[in-house]
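Here is a short tour of one protein chain, taken a piece at a time. Keep the structure open beside you as you read.

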Amino acid sequence: MLILLYPMPETVILPVCKIVSLFSNLTIIESMRIKITVLLCIISIAYAHAQMGEVGGKKHAAIASVEAHYPELTDLSDRIWAFEEVAFQEVKSSKALADYAEAQGFRVTKNIGEIPTAFTAEYGSGSPVIGILGEFDALPGLSQKKVPYKAPLNEGGAGHGCGHNLFGVASLGAATAIKELIEAGELKGTVRFYGTPAEEKFFGKLWMIRAGAFDDVDVVMDWHPGAETKVGVQTGLALVDFMVEYYGQAAHASADPWNGRDASDALELYTTGINYYREHVKPTVRIHYDIQRAGDVVNVVPDYARIWTRVRDGSRKGMQKVWKQVEKIAEGAAMMANVDYKITLISGVHETLVNRTGAEALQRNLELLGPITYTEEEQAYARKIQEATGKPQVGLDSEIRPLEETWEMPRGGSTDVGDVSYVVPVIRMRCTTAPKDTPWHSWAVVACGGMSIGHKGMAQAAKALSMTMVDLYENPELRAAVKAEFKERKGDYEYKGMVPDGQPPVGN
Ligand SMILES: [Zn+2]
């Protein structure tokens with residue numbers, strides 16, 4: 001409802017007065033009732049303005065920009081949803097976003113960090129430089145139609161099971177709103193959209209950071225699709241990915257097995273070691289693996305085996321300790337099986353440094369916006385998804401959550417936004433784009449990301465992010481306080497990305 005009240009009073013009051021005059025032939029009681037309603041609306045507008053402070057007009061303009069571009073933004077998001085391109089292969093998705101930015105007047109720089117699908121789109125000049133992150137990669141195997149039950153669009157194809165089609169577009173929508181304010185002379189400085197590929201695998205932002213893409217930016221905004229709407233004040237988990245390979249000696253599995261040294265034996269001993277070790281790690285630790293090769297045929301002793309391993313913990317420090325022990329287990333397994341081994345770092349990410357000062361500003365703007373409203377059809381669609389995934393059929397929840405405490409024991413996933421947060425302050429939020437309790441990285445997220453439920457979350461995020469960016473441009477004290485908190489949390493740690501030397505693993 002509040003969204004309807006956002007246009008500037010002078011642009012609202014006059015049309016409202018005209019509407020009131022249309023009712024002049026109604027009964028006195030009806031006319032009075034309408035006039036009282038209009039008066040309440042005007043009071044609400046004034047209240048909203050007072051809440052937004054002096055920069056209120058600029059925030060109204062940012063919201064109006066997102067609404068004006070809504071048809072283009074939904075079209076762009078739906079196209080990326082249908083491209084369903086996975087990590088480092090997001091050629092069409094990246095181009096669609098970059099083309100849109102260019103058409104809006106942004107200066108686009110491609111191939112950031114030697115990644116063909118990484119780009120920046122910039123507008124304006126000078127300080128401050130406010131950035132915003134936009135992801136757009138899909139997940140393998142999650143192809144799904146826009147229906148509330150499991151039905152692949154392309155059998156075996158990829159799908160936007162993390163909602164990144166919405167992520168990139170909402171952020172570009174927010175950047176466009178700021179660009180228009182800079183263009184109109186209302187804001188001063190630079191806005192920069194970061195097109196950040198391969199978040200789901202390899203973590204593309206690591207190479208963008210290594211290339212210095214974040215060196216001159218003051219503050220970065222970020223969001224993520226979700227099943228609820230709240231400002232991000234949790235840290236996430238640090239992780240490392242590495243490949244363990246075993247090299248043995250092939251032999252006939254029955255005629256002369258004594259001539260064989262079995263690489264897959266080592267792999268089995270390695271996973272057994274990991275699974276015994278699980279009992280002795282802290283509750284924040286996660287260890288996962290993906291067996292990629294372990295022999296090809298049953299009558300040959302395998303001379304090669306390969307396993308992708310991932311170790312996570314609440315902090316990089318804790319993760320490193322577990323990482324070392326898992327590498328020792330890999331070595332021990334090689335000794336037991338009498339084979340050679342090799343460990344290769346793929347990449348790793350830091351936990352996220354929260355910024356509560358920035359989070360408070362974002363919280364205020366989300367509260368000004370109020371929750372998203374849904375149609376009965378959208379709620380019914382959501383309940384069907386909940387039925388299909390065995391969840392309580394409560395529909396969608398877009399209530400603005402109060403600002404949470406930052407938990408000491410982080411839960412959940414990891415993101416390469418963590419690394420950005422060690423280079424520059426990052427302000428984050430999550431916005432409802434799927435039903436409550438939806439299993440994430442699943443068909444259910446894809447089913448919502450390509451239709452109005454996802455679109456509404458995308459617009460809501462774009463509005464809240466651009467409103468907070470207005471605050472950052474207009475309020476140097478806020479920027480300084482955000483930076484001060486960043487410095488304090490980072491301490492004297494010197495950031496170094498967990499990436500191997502050489503080119504990013506594009507094409508793998
Ligand atoms: Zn994601």
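## Two glutamates with an unusual phi

Glutamate 84 counts as buried, because it has 26 C-beta neighbours inside 10 Å. (A residue is buried if 20 or more other C-beta atoms lie within 10 Å of its own, exposed if 12 or fewer, and partly exposed in between; the C-beta atoms are placed from the backbone.) You'll find glutamate 84 in the loop between α4 (70-83) and α5 (91-104). Helices and strands here are DSSP runs, numbered from the N terminus: H or I and at least four residues for a helix, E and at least two for a strand.

A quick word on where this comes from: it's a predicted model, in which local features need pLDDT of at least 70, side-chain atom pairs count only at pLDDT 80 or more, and totals for chains, interfaces and linings use all residues. Residues are numbered from 1 along each chain as its sequence is written.

So what's odd about the backbone here? Most residues other than glycine have a negative phi, and most peptide bonds are trans. Glutamate 84 has a positive phi, near 40°. Glutamate 114 also has a positive phi, of about 60°, although it is not a glycine. Glutamate 114 sits in the loop between β1 (107-110) and β2, and is partly exposed, with 14 other C-beta atoms within 10 Å.

## Two prolines in loops

Look at the loop between β2 (119-124) and β3 (129-134), where proline 128 is found. The peptide bond from serine 127 to proline 128 is cis, with omega near -5°.

Proline 257 is in the loop between β7 (238-247) and α8 (263-277). Is proline 257 buried or exposed? Exposed, because just 11 other C-beta atoms lie within 10 Å of proline 257. Leaving aside neighbours within four places in sequence, proline 257 is in contact (C-beta atoms, placed from the backbone, within 7 Å) with Ala251 and Val301. Proline 257 and valine 301 are 44 residues apart along the chain, yet their C-alpha atoms are separated by 7.0 Å.

## Helix α15 and its two sides

Helix α15 covers residues 476-490, and its 15 residues should span 21 Å at 1.5 Å a residue (that is, 1.5 Å times one less than the number of residues). The end C-alpha atoms are 21 Å apart, which agrees.

Which residues of α15 are buried? They are Arg479, Val482 and Phe486. Seen down the axis, these fall within an arc of 65° (taken from the directions from the helix axis to the C-beta atoms), so they line one face of the helix. The buried residues pack against β5 (219-226), α10 (356-369) and α14 (452-474). On the other side of α15, the exposed residues include Pro476, Ala480 and Lys487. Glycine 491, with a positive phi near 60°, follows α15.

## How α10 meets α15

Two packed helices are described by the angle between their axes and the distance between the axes. For α10 and α15, the angle is about 135° and the axes are 7 Å apart. (Axes are lines fitted to C-alpha atoms, for helices over the stretch in contact, and angles run from 0 to 180 degrees between N-to-C directions.) The two helices are therefore oblique to each other: angles under 35 degrees count as roughly parallel, over 145 as roughly antiparallel, 65 to 115 as roughly perpendicular and the rest as oblique. Arg356, Thr357, Gly358 and Ala361 of α10 make the contact with Leu478, Ala481, Val482 and Glu485 of α15.

Definitions and conventions. Two residues are in contact if their C-beta atoms, placed from the backbone, lie within 7 Å.
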